[in-house]
Amino acid sequence: MTAVTEPDIQNLTLAKTVSNESSSAPSLKHGYIDSPFSGKKDQYEQVLDILDSTGFIPESLIESEARWFYECLGIDDVFFARESAEGIAGHIHSLYSCKVQAYAAGVSESDRPLIQYKREADDHAVFFVSSTPGSTTTAAGRDLYEERIDDKYIDPSSPTTQSYRAEYFSAPLNYQSDPILSGVYQINKSLPNQLVKCFFVYKNQYPESAETISANETDINKIGDTTFLKIASDNTKKLYSKVIESVINTTGPVIQHFPIEDSEEYRVVIGYRQKTSARYNSALSDLANYYKLQTSRKYVEQFANGVTIISMYVTSKQKKNPVDLSIYQVIKEASLLYCIPHNFFHHRFTNGELSLQESIYAQSGVIFVTHFLNRLGPEYTKLQSLLDASKSNQNAEVLNSLKKRLRAETYTQNYIQEVFDTRRDIVRKLYRQFADVHYIRSSMEKTLSYQRLSQITPVGSEEEFEKLLSRECSQNEHHAIVLRALYVFNKSILKTNFYTSTKVALSFRLDPSFLPESEYPEKPYGMFFVVGSDFRGFHIRFRDIARGGIRIVKSRSVDAYHVNARNLFDENYNLANTQQRKNKDIPEGGSKGVILLDPGAAQDRPKACFEKYIDSLIDLLLKQHIPGVKESYVDLLNRPEILFLGPDEGTAGYTDWATLHARARGAPWWRSFLTGKSPQIGGIPHDEYGMTTLSVRAYVNKIYEKLNIDDAKIRKFQTGGPDGDLGSNEILLSRNENYVGIVDGSGVIADPNGLDKQELLRLAKERKMIEHYDRSKLSKDGYVVLVDDVDIVLPNGITVGNGVTFRNTFHLKLQEQFGADGVDLFVPCGGRPGAIDTNNVHELINAKTGKPVVPYFVEGANLFITQSAKLVLEKAGIIIFKDASTNKGGVTSSSLEVLAALAFDDKGFLANMCVDSETHEKPKFYQDYVQQVQKVIVRNAQAEFEALWKLHEETGITYTELSDKLSIAINKLGDELANSKELWEDDVEFRNAVLLDSLPPLLLDVIGIENVLARVPVAYLRALFATHLASRFVYSRGIDSNPAKFLEFISSTRKEYVKKGLLKF
């Protein structure tokens, strides 16, 4: 027996190298020790006795059937040591039955496998199936049981509940030496040679309790299954330990391969985190089969720290095919497969009609087309021109409803997928067009994928593509429309990680110019489109330098998922657009990212999806050349990009990971990449310091000041409870206001006589929902209705049938619950976008008097009320300030956090912005800087309030419209100033004076203007310069930026700077 040396190498080296670290023991299984089972001979005799006593198998065949099972199927001694003689006899009986049935039925290749058998128990399972090497039909080629093993055993495994490992062996099915099979062959001599594939699944037993094992544990003797530790060679243990370390320190799969000495066989080893890529194990078999590789053995090991390692031994099925090229393709595409193990067109891949790259490209295209196919058509555009939305709220709502209906009922994702499948020849041509642009040819131009690609005729120019459509789709214009949208996808891609060696999800940087102006009047600056195995996502920004949060969208049901999918991009666009208007006081424009989790298991894995989303974005933000890991990609944008991200719904707990991951990836901007991170790595928590709430409260307090209102007489209603950032701090900063009602995730609490303020403050400090409110503190008219409640009778006699419905609509029932004048102030601090629209806004207006039910409204939650509904409320007499004006404290804090991160070097950042992780001591600079940030937030909010109040008095225009006009005026002027060569380059002294005036004094004192100018990117400094001037001008001079007025402002600013000593003259 030849000892096998396993070189400790990685990446795509195809030369057969030999390592100094070879296994000390000969290995029949090339990495697994074939531990001899001392009782095997006695067990064999017992099995013969059982078979003989049963009488099912003819006596003349008993020994040959038993020997076939023991010696011809490639099963190792581990199985025999674990299985009883009775169990083995049962397996032999079942396999004998399969052969007899095949003989009786006259099985042919196209019918079903000759052998197909399974037996499952609580702690183990056994599967046998025969297949034809090289065949791609489901019946005879693919492993019928491997997906079942994935779905039932491998993928659901969890170290803390139950976990499984699997072993796989294959052996030739010899017709001639088997008396029954030879009979089958005589009946059908066209029957090709087949393999018997054996799958054994065992429940893991770990040396230590899995609950005590850290996810970062690397000691293989602590995290390995006891059987694995017995049968794995020392070299395999060392190899797996290194793979596990790599998996822990990276995101996505770790892929290695080793040529087996004195053999045509290769060992492919792949490690990854459990529950990150469903059905990856079976998909790897499909990939090997596609490239004509025969898998002789495979081991799936699942460790107690949550890492899975798959070890495959493969060789070429056909001697004429060089195994090196096939191995190269498998390891190159294993990362792509990890991104999407089972795509929409997987069946076309397994039967050889589409390559893996073509099928995954097609899935990405289906998702793109689903979101961006212009389904409204010219008729909608014509109707839009007739029903001018700007002149009537009713027109706007009708057009919006019609838009939603057209999108939902025309080209669905299933229909688009069917078109792609039917027209897959055209889809392949479009893939060739995509690859011709984005695939970088290396010295290995004759790879198998390149050979296949070169055989596809490209689509050519747009004119040639249209000729192709007119020829192929002349009878079906709907198909042509779908395929044109895929062509648009190709043309809009500026860069992608599709062809990089390692990745965890697919990311595409898109040129947003394809978006129709009729639907998206303000064109974004940049877009990212991300496709993962269990999610899809977007990132939209309206300026080069832009900031905004990343939110995760979950779905309670499949129906809810389809609704969320239809609205995903529009919601992302609207949130980013709102952020753009909100960010008028800071250098960064508006951006937003969304991640939609697929229905099913992904709903419970938001962090894994977030990690893939972030890592795939970083792929396109960094240009790294690490051979075999991160190659260069085609960059049609050809300029550097930086994203500034933050937390949003569902992602607040992941910001530290993203920050540290960016640092681990070598990003120079890691310090500023994410805000909302912990203070230990330089974050300024919005909730701890009330940053978001400070700007909302500034508006509330200004209303009191302008109207001379005693806050102690205010009766207040709020959505978003004491458990949230905005909600809790709104309560803590609410002065003497009297709360009459609060809605949060747990339900509704209301008391017309006023809720106990001290109890609310307790909940806010402890961050607990209103379900924890002490009911004894309610008056006789007060009540609590939780989401799980049914058929509750309120003190006023009203019956609540369903707690969820009551919670979701309570904000519309204020008149019913509190009377026509029972609420003075409504501050939404949470809730879904569009909770109040023109379909329900009448609920907040007294039908008898036409007056609003609530006189003052400060919108804290983003997009809580639609624009049209706000205008209806203002027309009725309500004083309302919209989110783009009120909710900007958080972004201001984040912006100043980013500025500090950019201005410091690593040493200064750690010393001044990072709280000690052990003592929790805050650096003095950090404490003082936080106070300056809070002052800036309040100052900016008050400045905008005063500008809006003054403009409203002068023009009579609604606050809602003025907020937009003011944002547009600042952003427009800011863009012009940022692009002004005269102000930036020709008058350096004035430029620096503006920067000195705009930068926090503390930052200048500690770092100095020279270091700030040297470290902060020029694009950011230009944005800071422009925003500071633009916001000061509009707040002080109004929204009319005529040249004379602006020149007067510049002159006045110069004089001011001379007095401050920022300018000499």
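Between domain 4 and domain 6 of this predicted model, the count of salt bridges is five. One pair that forms a salt bridge is Asp964 with Arg581, whose closest N and O atoms are 3.3 Å apart. Polar contacts across the interface of domain 4 and domain 6 come to 14 residue pairs, with both residues at pLDDT 80 or more.

On the side of domain 4 that touches domain 6, the elements giving two or more residues are α21 (558-582) and α24 (670-673), and α21 gives the most, with four residues. By class, this side of domain 4 has the composition set out below.

| Class, side of domain 4 that touches domain 6 | Residues |
|---|---|
| nonpolar | six residues |
| polar | four residues |
| charged | nine residues |

As for the extent of the interface, 19 residues of domain 4 are in contact with 29 residues of domain 6, and the two domains bury about 2100 Å² between them, of which 58% lies on carbon and sulfur atoms. Of the area that domain 4 buries against domain 6, Lys584, Asp585 and Arg671 supply 35%, which is more than any other three residues.

The domain assignment of the protein chain places domain 4 at 497-673 and domain 6 at 888-1060, with domain 5 at 708-881; the same assignment also gives domain 1 (39-342), domain 2 (363-374 + 410-492) and domain 3 (376-406). Taken over C-alpha atoms, the centres of domain 4 and domain 6 are separated by 26 Å.

Notes:
Residues numbered from 1 in each chain as written. Predicted model: local features only at pLDDT ≥ 70, side-chain atom pairs only at ≥ 80, totals over all residues. Heavy atoms only, no water. Domains from an automatic or database assignment. Contact = heavy atoms within 4.5 Å. Buried area = accessible area lost by both parts, 1.4 Å probe. Salt bridge = Lys/Arg side-chain N within 4 Å of Asp/Glu carboxyl O. Polar contact = N/O pair within 3.5 Å; in protein donor to acceptor, adjacent residues only side chain to side chain. Nonpolar A, V, L, I, M, F, W, Y, C, P; charged D, E, K, R; others polar.
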